[in-house]
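The following paragraphs lead through selected features of one structure, from strand pairing to aromatic contacts and enclosed space. Please keep the sequence and the coordinates in view while reading.

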Amino acid sequence: MKAILVNDDRSLRWDNVPDPVIKDDEVLVKIEAAALNRADLMQREGDYPPPAGCPEWMGLEIAGEIVEMGDVAKKESEWKIGDKVCALLGGGGYAEYVAVKYDMMMPIPKNCSMVEAAAMPEAFATAYLNLFIEGGIKEGNTLLMNAGASGLASVIIPMAKAFGVRVITTVLTDEISAKIRHLGADRVVVTTKEDISEVLREELAAGHGVDVAIDCLGGEIMGKCIHYLTHGARWIMIAALAGRMTEIDLKNIYVRNVRVIGSTLRSRTPAVKAQILSGIVRDVYPKIEAGLVKPTIHAVLPIEKAEEAHDILYQGKNVGKVVLTV
């Protein structure tokens, strides 16, 4: 089969690799679409190696068709050959085929295309993990989701809204604000015009401060914003794109009982990931099939143009997910 490999100069090529050999508890999926994530860029640059046993090529989420099944997968799951599925991977999605453990897959929602389904597993699992498991968010709470134009925000914002959560998000320009209007955030802060820490201070004073923050930016502004949260709030760090260092008033943290939580999906055990996917099907699929939650697709390119697709993410041009078709 073919897969996207990284050359010594970090460029990409579509080249031959060995066919996957499935284990007894795995199925073989013929890939139709694979979605991009920033973790792919980090892996390409050598900063985010795949877990042991995973293929060396990138790709954390795919959609496709089951074409082969191991004996244990046949006995312990309800999947069958010919089923259309989307899957969460440790790696290996930029390819024609991939071996997937049977409990790392979800059915395609009734009203989603294969391209949309490919954009779900990693983003939806990260959203579910941080909203409900780490964040413990509840109806009536307020969420701060930074970087409102990101692929992850395009999932988290409508998911939170579907569960009755008030959402504040941040973007850089009025143009981007207009592009994410369909996500339904209650307040979009254009950070080139407003100071987000002052906005959060105003929100807190008005009686609806932030209960959960999901932050992929970090940097200096994180330390300023964390002072203006509700009592018992959770600030969840999932990346530090704006800088790894910040300054925090620790007294404010313990007086308000604020928790700072570090969270990555990739580091979770397979058993935990399986529980998350099961929770998505149980809790979120009804919202998806009711049309309340759906991934936002920014661009669809053939997999041979993976480098061009990566450039969209590198340049921050995307509002929503970028997907490769195979």
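In this predicted model, strands β1 (residues 2-6) and β2 (residues 12-16) run antiparallel and are joined by five bridges. One of the paired positions is Ala 3, whose bridge partner in β2 is Asp 15. The two strands form a hairpin with five residues between them. Within that turn, Arg 10 has a positive phi of about 75 degrees. In a regular strand, the side chains alternate between the two faces of the sheet.

The aromatic contacts come next. A pair of aromatic rings is described by the distance of the centres and the angle of the planes. A search of the whole structure finds two such pairs. In one of them, Tyr 128 and Phe 132 have their centres 5.3 Å apart and their planes at 50 degrees, and the pair is classed as tilted. Planes over 60 degrees apart would count as edge-to-face and planes under 30 degrees apart as stacked, so an angle between these limits is assigned to the tilted class. How are Tyr 128 and Phe 132 placed in helix α4? Both belong to this helix (residues 121-134), and because they are four residues apart, about one helical turn separates them. Tyr 128 is buried, with a relative accessible area of 7%, whereas Phe 132 counts as partly exposed at 23% relative accessibility.

Phe 132 also pairs with Phe 163: the ring centres are 4.9 Å apart and the planes lie at 65 degrees, so this pair is edge-to-face. The contact links distant parts of the chain, since Phe 132 is in helix α4 and Phe 163 is in the loop between α5 (153-162) and β9 (166-171), 31 residues apart. Phe 163 counts as partly exposed, at 24% relative accessibility. Tyr 128, Phe 132 and Phe 163 thus form one aromatic cluster.

Charged side chains also meet aromatic rings. Lys 287 lies over the face of Phe 163, at 4.9 Å from the ring centre. Elsewhere, the charged end of Arg 266 sits over the ring of Tyr 48, 4.4 Å from its centre.

Arg 266 appears again in the lining of the largest cavity. The structure holds one cavity of 30 Å³ or more, and the largest cavity has a volume of about 40 Å³. Besides Arg 266, its lining includes Leu 60, Leu 88, Leu 89, Gly 90, Glu 122, Leu 265 and Lys 273. By class, the lining of this cavity divides into four nonpolar, one polar and three charged residues.

Open space remains to be considered. The second largest pocket has a volume of about 700 Å³. Which elements give two or more residues to the lining of this pocket? They are β6 (97-101) and α10 (270-289). Of the elements, β6 gives the most, with five residues. The lining comprises 31 residues, and those nearest the centre of the pocket are Glu 26, Gly 53, Cys 54, Pro 55 and Ala 99. By class, the lining of the second largest pocket has 17 nonpolar, six polar and eight charged residues.

Key
Residues numbered from 1 in each chain as written. Predicted model: local features only at pLDDT ≥ 70, side-chain atom pairs only at ≥ 80, totals over all residues. Heavy atoms only, no water. Pairing = 2+ DSSP bridges. 1 Å grid on protein atoms, 1.4 Å probe; cavity = no way out; pocket = protein on both sides within 12 Å on 5 of 7 lines; lining within 4 Å. Points joined across faces, edges and corners; volume = space filled by probe spheres on them. Nonpolar A, V, L, I, M, F, W, Y, C, P; charged D, E, K, R; others polar. Phe/Tyr/Trp six-rings, centres within 6.5 Å; stacked < 30°, edge-to-face > 60°. Buried < 20%, exposed > 50% of the residue type's maximum accessible area, 1.4 Å probe, protein only. Lys NZ or Arg CZ within 6 Å of the ring centre and 35° of its normal.
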